[in-house]
Amino acid sequence: MAEVIVDAMGEQCPIPVVKAARALRELAEPGTVEVLVDNEAAVQNLTRLGTSQGCAVQAEKRGEGAYSVRILVKDIPAAGAAPEAPQEAVCAPDARGGLVVAVSGGHMGQGDGELGAVLMKGFLFALGQLPELPRTVLFYNGGARLTVEGSDSLEDLRTLEAQGVEILTCGTCLSFYGLTEKLAVGGVTNMYSIVEKLAGASRVIRP
């Protein structure tokens, strides 16, 4: 399996996508093209590039201003048949809209708790499949448990974060539940910031 690393740190659109498309065309065998970038728009555009080529894509946020996008190539087309990167994927606008999601508990809806937990996990996964991603997902009160170690939703939330979605958890809530040191995705926020995010949103969803 080929392993190719493309360093596009500091590069602005369309350079990361152009470099990735070239690396994909030059692959002689199935493998992985990993692209390193420093901005969320590049992550979104590289994800579009990979999916448009029929590849699986894994995006990961490695730190502040550091992202990795792995494009997994299973089949190599015949020589000269590899398609060019679609132009619409090169410099597409930010896929995040003005939507803010406010999660106040670990369960979705009223009724059976076990079912509610399953529904909430499915809801958070589905957020990442929207054509227009939320700008921010807020977690407070019982929802704070979803962003800490041991949460079944960590992988889905990390995928959202890698695509540029802001993940914020109430610091007071983490402290109340004794989970401050166990936060595993996103950052810590306060009530004033939560109010600002909600007030400035074009739409708010409360599952």
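**Figure 1. S153, a buried loop residue.** In this predicted model, S153 has a relative accessible area of 2%. That value is under 20%, so S153 counts as buried. S153 sits in the loop between β6 (136–139) and α4. Setting aside neighbours within four places in sequence, S153 is in contact with K121, L124 and L146. The helix that follows this loop, α4, is shown again in Figure 6.

**Figure 2. G116 in helix α3.** G116 belongs to helix α3, which covers residues 113–127. G116 is buried, and its relative accessible area is 2%. Residues up to four places away in sequence are not counted here; beyond them, G116 touches G106, H107 and M108. Take G106 from that list. G106 and G116 are 10 residues apart along the chain, and their C-alpha atoms are separated by 7.8 Å.

**Figure 3. The open sheet.** The sheet has 4 strands, in the order β1-β2-β4-β3. It is open, and its pairing is mixed. β1 (2–7) and β3 (56–63) are the edge strands, each pairing on one side only. On average, neighbouring strands of this sheet are turned by 15° against each other, direction ignored. Strands of a sheet pair through backbone hydrogen bonds, and the pairing can be parallel or antiparallel.

**Figure 4. Strand β2 and its two partners.** β2 spans residues 31–37. β1 and β2 run parallel and are joined by 6 bridges. Two bridge pairs can be picked out between them: E3 of β1 with T32 of β2, and I5 of β1 with E34 of β2. The pairing of β2 with β4 is antiparallel, over 7 bridges. Follow E34 across: its bridge partner in β4 is R70. E34 therefore appears in both pairings, bridged to I5 and to R70. Of the 7 residues of β2, 6 are buried, so the rest of the structure largely encloses this strand.

**Figure 5. Helix α1 and its buried face.** α1 runs through residues 15–26. It has 12 residues and reaches 17 Å from its first C-alpha to its last. The span expected at 1.5 Å a residue is 16 Å, close to that value. Its buried residues are P16, V17, A20, A21, A23 and L24. Seen down the helix axis, these buried residues fall within an arc of 160°, so they line one face of α1. In an α-helix there are 3.6 residues a turn, so residues three or four places apart point the same way. The buried residues of α1 pack against β1, β2, β4 and α2 (40–52).

**Figure 6. Helices across the sheet.** α1 lies across β1, β2 and β4 (66–73). It runs at about 165° to β2. Together, β1, α1 and β2 make a β-α-β unit, and this unit is right-handed. Helix α4 (residues 154–162) lies across β3 and β4. It runs at about 80° to β3. β4 is thus crossed by α1 and by α4.

How values were computed
Residues are numbered from 1 along each chain as its sequence is written. This is a predicted model: local features need pLDDT of at least 70, side-chain atom pairs count only at pLDDT 80 or more; totals for chains, interfaces and linings use all residues. Side-chain values use heavy atoms; hydrogens and water are left out. Axes are lines fitted to C-alpha atoms, for helices over the stretch in contact, and angles run from 0 to 180 degrees between N-to-C directions. Contact means heavy atoms within 4.5 Å. The expected span of a helix is 1.5 Å times one less than its number of residues. Buried means under 20% relative accessible area, exposed over 50%, partly exposed in between (1.4 Å probe, protein chains only). The arc is that of the directions from the helix axis to the C-beta atoms. A crossover is right-handed if, with the strands pointing away from the viewer, the path from the first strand over the helix to the second runs clockwise.
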